[in-house]
Amino acid sequence: MRILIVALLALTVARPSLARPALAQDPLSDLDAFIGRGLRDWRIPGLAIVVVKNDTVVYAKGYGVRTVGQAGRVDSRTLFGMMSTTKAMTALAMAMLVDEGKVAWNDPVTKHLPWFRFSQPWVTEAITIRDLLTHVTGLGNTDLLWTRGDLSGREILERVARVDLTYSPRADFIYQNVMYHAAGEVVAAASGMPWAQFIETRIMGPIGMTRSRATLVNMQTMRDPNTSSAHWEFDRVSRRIEEQPVDPVAAAGAAWSTAEDAGKWLRFLLDSGRVGGRRLVSEASYRELFKPQVTVPAAQFYPSIALTRPRWMTYGLGWFQQDYRGLAVQMHTGSIAGRTALTGLVHSERLGVFVFANRDHEEFRHAVLWQVIDLWTNAPRRDWSTDLRTLYDERETRVARAVATRDSARTPNTRPSTALVRYAGTFDHPVYGDATVTLENGALRVALGPLPQNTGMLEHFHYDTFRARLGDGRSGWTYMSFRLNQAGEVAAIRLQDAATLEFVRR
């Protein structure tokens, strides 16, 4: 993976703000009106935001409702999931351990987790702590390991040894949640305390994030009524859905916080890792967090680059990075079923923003980020909400066309090769566990693990290919083909998604 030149590295660290003209508009009222319109236009149930400028919280507010159909309003103390913005805390925890001499960035992972293995011995020996935090281990997407819901954190990592690498280590960039989970286990091994305890006692506590917790389970023990609900839009109507726990891979995205607490987090990050003048992390380790570590291909970056048009795109330690109007921007989103978050920093302007929303993958968050940066740097006016809605509407249209193209390839008037009862059985994958097919009232049902969200009725598509809307159908069609052996017996299921996975009959 190509490392950027020293001159580029210097762009990302804190430095004195360049002289700029006074703001020509009132950014607070402009932002309030902008969010109010965006909430309606993007049909978001609730949103919370905090903006920090020059070590001061200049804006913290909630909008909309915590739960559709209920009266509770969102405010700056409403609890939301941080999701993958948690990764910055995991990287910070590692930096603190580097300061203590318990970890080095380039330590082999096996120095701290002797039992951890990749599919090839040389990769096991070569992968470092830094690689875990920069998505360059060579491992492709393995999220099915934790979204199944029946594997422990240790089991998830042990199964990595059975996963074929997608590319050679450090040769490419593929976003990887399970590797951040591995980093969390390194934090636990090196510190002597579980990752969640480290985050809450060594980071959230000293910063003063009193209403924040490291996991969903810990948040739920608070029994706080001022908690937002997850929502999904079905036929343009937002409905509350069950929370999807990230706790099995907690270090990748399990934390919860509020706009009020997120403001304290932003102040800490913009003050070079200090709280009240006291350092939680050394200046050297702090700078390392925000140095560009690897370049990120456009296909692995945020689609909003079509509008911001950066000249470079990189990843630090828990941060996506790009240039915008001569500024170095550190940012990261968080997404899980029913929730979104986004955080952004501009060190040179001592400017930070954190946005939470309670609807799935709601990309108004990007519009808020760029609007905040424009407002507090006196940039020319731009309607980021409208421009991003156009961008994402076009993407949805392309997805709909792809689905229509797939449907048009369906061969009509075909039938399954054998009786439905013969498709029933349990099928195993060496990494991703079992898939169970049962015959119920004349129809087939598939279950990829114990959770309802991974279960659905199979509908015949053509030949021996079926499809199902898993759970409540929110993710569209999942296609599965049954493979028959030479004797005409059903031998395997091929799950056709981003990659074809074959589950063999037990």
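The following legends describe close-up views of a predicted model.

**View 1. Lysine 87 in helix 3.** Lysine 87 belongs to helix 3, and its relative accessible area of 0% places it among the buried residues. The side chain of lysine 87 forms a polar contact with the side chain of tyrosine 175, at 2.9 Å. Beyond residues up to four places away in sequence, lysine 87 touches His135, Tyr175, Asn177, Tyr180, Ala251, Ala252, Tyr315, Gly318 and His332. Between lysine 87 and threonine 128 there are 17 Å in space, C-alpha to C-alpha, for a separation of 41 residues in sequence.

**View 2. Serine 84 in the loop that precedes helix 3.** Serine 84 is located between strand 3 (80-81) and helix 3, in the loop that connects them. With a relative accessibility of 10%, serine 84 is counted as buried, because the limit for a buried residue is under 20%. Neighbours within four places in sequence set aside, the contacts of serine 84 include Tyr175, Asn177 and Ala252, three residues that are also touched by lysine 87. Further contacts of serine 84 are made with Gly253, His332, Thr333, Gly334 and Ser335.

**View 3. Threonine 215 in the loop between helices 9 and 10.** The loop that holds threonine 215 runs between helix 9 (195-207) and helix 10. Threonine 215 has a relative accessible area of 9% and is buried. A polar atom of the threonine 215 side chain lies 3.1 Å from the backbone nitrogen of asparagine 218. When residues up to four places away in sequence are not counted, threonine 215 touches Trp195, Ala196 and Glu200, as well as Asp247, Ala250, Ala254, Ala255 and Trp256.

**View 4. The second largest pocket.** This pocket has a volume of about 340 Å³. Its lining comprises 19 residues, and Thr227, Ser228, Ser229, Arg240 and Glu243 are the closest to the centre. At least two lining residues come from each of helix 10 (216-220) and strand 5 (237-241); helix 10 gives the most, with three residues. Sorted by class, the lining of the second largest pocket contains seven charged, seven polar and five nonpolar residues.

**View 5. The largest cavity.** Three cavities of 30 Å³ or more are found in the whole structure, and the largest of them encloses about 100 Å³ of space. Of the 15 residues that line the largest cavity, those nearest its centre are Gln244, Val246, Gly253, Trp256 and Ile336. Nine nonpolar, three polar and three charged residues make up this lining. Two of the residues named here appear in earlier views: Gly253 is a contact of serine 84, and Trp256 is a contact of threonine 215.

**View 6. Tryptophan 265 and the nonpolar cores.** The largest nonpolar core consists of 145 residues, and Leu31, Ile49 and Trp265 have the most contacts inside it. Tryptophan 265 touches Ala88, Met89, Leu92, Ile203, Ile207, Met209 and Phe354, residues up to four places away in sequence not being counted. Another core, of five residues, lies apart from the largest one and has Trp232, Phe234, Ile241 and Ala337 among its members.

**View 7. The buried residues of helix 13.** Within helix 13 (residues 283-290), the buried positions include Ser285, Tyr286, Glu288, Leu289 and Phe290. The buried residues of this helix pack against three helices, namely helix 3 (87-99), helix 5 (129-134) and helix 12 (259-270). They also pack against strand 11 (320-324), strand 12 (327-336) and strand 13 (339-346).

Key: Residues are numbered from 1 along each chain as its sequence is written. This is a predicted model: local features need pLDDT of at least 70, side-chain atom pairs count only at pLDDT 80 or more; totals for chains, interfaces and linings use all residues. Side-chain values use heavy atoms; hydrogens and water are left out. On a 1 Å grid over the protein atoms alone, a cavity is a set of points where a 1.4 Å probe fits but cannot get out, and a pocket is an open set with protein on both sides within 12 Å along at least five of seven lines; lining residues have an atom within 4 Å of a point. Grid points are joined across faces, edges and corners, and a volume is the space filled by probe spheres set on the points. Helices (H or I, at least four residues) and strands (E, at least two) are DSSP runs, numbered from the N terminus. Ala, Val, Leu, Ile, Met, Phe, Trp, Tyr, Cys and Pro count as nonpolar, Asp, Glu, Lys and Arg as charged, and the others, Gly among them, as polar. A nonpolar core is a set of buried Ala, Val, Leu, Ile, Met, Phe, Trp, Tyr and Cys residues joined through side-chain atoms within 4.5 Å. Buried means under 20% relative accessible area, exposed over 50%, partly exposed in between (1.4 Å probe, protein chains only). Contact means heavy atoms within 4.5 Å. A polar contact is a pair of N or O atoms within 3.5 Å; within protein, one must be able to donate a hydrogen and the other to accept it, and residues adjacent in sequence count only if both atoms are side-chain atoms.
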